[in-house]
Amino acid sequence: MTDTFTLRVARLRTHGAMASAGLLALPMLLACSDAASAPASHLETPAAPGSGQPFLAPDEDGVWMSWTEPATVGHRVAVSHFDALADRWSAPKVVAEGDGFFVNWADFPSVQAVGGRLVAHWLWRGGQGVYDYGVRLAWSDDRGSTWSPPWTPHGDDTPTEHGFVSIFETGEGAWAAWLDGRAMIEPGGPMAVRARLLPLSGPAGERAAGEETVVDARVCECCQTDAVVAGGVPVLAFRNRTEGEVRDIHVSRWMAAANGGEPRWTPSVPVQEDGWVIGGCPVNGPAMAARGNRVVVAWFTAPEGEARVHVAFSKDAAASFGSPLRVDLGQPIGRTDVVMLDDGSAIVTWLERTAGGTVILGRRVAANGAAGDPHPLADSDAARASGFPRIARLGPDRLMLAWTDPARGGQVRASVFGLDGWTMP
C-alpha cells in the first residue's frame with residue numbers, strides 16, 4: 001500500500017470527524033488515529049480476465065473461492081482452493097457453464113464447505129423476461145472435480161426472481177435460504193425469505209429435501225442474506241421491509257421443537273431500529289460471523305440521508321444484540337463483510353469514498369466499543385462493476401480479501417493480510 005493511499009484515508013478521517021460533530025457520542029468514528037496500512041501479500045488468482053463476483057468460504061485447510069468468468073458460450077462458475085500451508089491455489093474446477101446464467105453484480109454465486117462436501121449455487125434464467133430467474137444448487141464429494149446434477153430449492157415455477165442465497169449447515173444437514181419472489185406475480189406482491197433442508201446423500205443413503213419454509217413474508221427485494229450457526233442455532237440476517245417502507249436489518253433463528261411442537265423460524269426482529277425509510281432497495285445486505293454463542297452483524301444504513309456502517313454484537317446466539325457501533329469515516333458506500341476473531345472481536349470491511357477515489361477499508365472492533373485504526377486494503381470503485389469485496393479467515397493468523405477490479409473488463413483479485421497489525425486500544 002502506498003503512502004498516497006494511506007494519506008488519502010487519513011484526510012477522509014478528518015473530513016468525517018468534522019462532518020460528524022453532532023455524533024460525538026459515537027467513539028467508534030472519532031477515537032482512532034490516522035489510518036494505517038495493513039501489510040499485505042498480493043495473490044495472483046486463477047480467475048480469468050473478465051471475471052468477477054468472488055465469494056470466499058474457509059475450511060480447515062485454507063479458503064475456497066468461487067467466481068464467475070466468461071466462457072466460450074456464456075459464462076461459467078468456477079472454484080479453487082487456496083492451501084494455507086502451501087500458499088497456492090488449486091487448479092480451478094468448473095461448477096456449471098452455459099449461456100443461461102443470470103449474471104448480476106450484487107447477486108453472486110457462492111460455494112460452502114459443508115463437512116467433507118462442497119455445496120455451490122448460481123442463478124439461471126427462465127424464459128419469461130429479465131427478472132425471471134431461479135436458484136440452482138449442486139454438490140461435490142471430490143473437492144469440485146465432479147458435481148451433482150443441478151437442483152432447484154423452490155418449487156413454485158413462477159416467472160419471478162429467486163436469489164440472494166445463503167448456505168449453512170446444521171445437525172440435520174445443509175440448508176439453503178433465498179429471497180423468493182413468487183408472491184410478486186401479483187401487482188404489489190412482496191418478496192419473501194424462504195429456507196429449506198437440501199436433499200444431500202449421507203451415510204444412511206439418499207435423503208429427501210425438507211419442506212420449503214417461509215422465514216419472513218415481506219423483505220427488501222434485492223439485498224443479500226447471510227447465515228451463521230451460533231451455539232447450534234441457525235441464524236438468518238436480511239433486510240426487512242415494512243408497509244411504511246422502513247428497511248432495517250432483521251434476524252430470525254431456527255429453533256428446535258419444544259414441548260411437543262414443531263421446529264420453526266422465529267418472527268424476525270431488528271438488530272437495531274435504524275428507522276431507515278427508503279422507497280426502493282438499496283442493494284446493500286448484512287454480513288454475519290459467529291464463534292460459539294457469539295455473533296457479529298455488520299450492515300449499511302442511511303436514516304435521514306446519513307450513510308453509516310454499523311456493527312453489533314450478540315453474546316446469546318443472536319437472541320439479543322448490544323448497541324450498534326459506528327465504524328465508517330463519514331462517506332461509506334457499504335457492501336460490508338465481517339469475520340470474528342478468537343477473542344470475540346471482529347474485523348469488518350466496507351467501501352468508502354475518499355478524496356482520491358473509493359477504497360476498501362477494514363477495521364477491528366470489539367463488543368465493548370474499542371476500535372483499531374482503519375486499514376486501507378485495496379483501491380476500488382464506487383461503480384456496480386466493483387461488486388462486493390469478500391473477506392475470510394485463512395488459518396489462525398491471517399485473512400484473505402477477494403474483490404473485483406473493474407478495470408479492463410474485470411478481474412478477480414486477492415490479497416492476504418496478517419492479523420498482527422490489527423491492534424486495538
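This passage walks through the overall make-up, one sheet, the nonpolar cores and some salt bridges of a predicted model. Residues are numbered from 1 along each chain as its sequence is written, and side-chain values use heavy atoms, with hydrogens and water left out. As the model is predicted, local features need pLDDT of at least 70 and side-chain atom pairs count only at pLDDT 80 or more, while totals for chains, interfaces and linings use all residues.

Starting with the whole chain, the protein has two helices and 29 strands. These elements are DSSP runs numbered from the N terminus (helices are H or I with at least four residues, strands are E with at least two). Of the 425 residues, 57% count as buried; buried means under 20% relative accessible area, exposed over 50%, and partly exposed in between, with a 1.4 Å probe and protein chains only. The accessible surface of the protein chain comes to about 16900 Å², and 51% of that belongs to carbon and sulfur atoms. Those areas come from the Shrake-Rupley method with a 1.4 Å probe, and for residues only the protein chains shown count as cover. As for contacts (heavy atoms within 4.5 Å), 52% of those between residues at least 6 apart in sequence join residues at least 24 apart.

Next, one of the sheets. Four strands make an open sheet in the order 23-24-25-26, with antiparallel pairing. Its edges are strand 23 (332–340) and strand 26 (375–380), each of which pairs on one side only. From one strand to the next the twist averages 25 degrees, where axes are lines fitted to C-alpha atoms (for helices over the stretch in contact) and angles run from 0 to 180 degrees between N-to-C directions. Two strands are taken to pair if DSSP finds at least two bridges between them. Strand 23 is joined to strand 24 (residues 346–354) by six bridges, and here V339 sits opposite I347 of strand 24. Between strand 24 and strand 25 there are nine bridges, again antiparallel, with T349 facing G362 in strand 25. A hairpin makes the link from strand 24 to strand 25 through two residues. Strand 25 then pairs with strand 26 in the antiparallel sense over five bridges, and L361 stands opposite P376 in strand 26. Strand 25 is largely enclosed by the rest of the structure, because eight of its nine residues are buried.

On to the nonpolar cores. A nonpolar core here is a set of buried Ala, Val, Leu, Ile, Met, Phe, Trp, Tyr and Cys residues joined through side-chain atoms within 4.5 Å. The largest one has 23 residues, of which F168, W175, V193, V215, L236 and W265 touch the most other members. At least two residues of this core come from each of strand 2 (52–59), strand 10 (162–170), strand 11 (173–180), strand 12 (191–197), strand 13 (213–219) and strand 15 (233–239). Strand 12 gives the most, with four residues. Leaving aside neighbours within four places in sequence, the contacts of W175 include F168, A195, L197, W254 and W265. A second, separate core of 22 residues includes W276, A289, V311 and V359.

Finally, the charged pairs. The structure holds 22 salt bridges, each a side-chain nitrogen of Lys or Arg within 4 Å of a carboxyl oxygen of Asp or Glu. In one of them, the side chains of R76 and E97 meet at 3.4 Å, N to O. That pair links distant parts of the chain, with R76 in strand 4 (residues 75–83) and E97 in strand 6 (residues 93–98), 21 residues apart. R76 counts as buried at 17% relative accessibility, whereas E97 is partly exposed at 43%.

Two further salt bridges involve the loop between strand 23 and strand 24. D342 pairs with R393, the closest N and O atoms being 3.5 Å apart. D342 lies in that loop and R393 in strand 27 (residues 390–394), so this salt bridge ties together parts that are 51 residues apart in sequence. D342 is partly exposed, at 46% relative accessible area, and R393 is buried, at 14%. In the other, R364 and D343 meet at 2.7 Å, N to O. R364 belongs to strand 25 (residues 357–365) and D343 to the loop, so parts 21 residues apart in sequence are tied together. Here R364 is buried at 15% relative accessible area, while D343 is partly exposed at 47%. Elsewhere, D156, D180, R182, R194, R196 and E212 are joined into one network by salt bridges that share partners.
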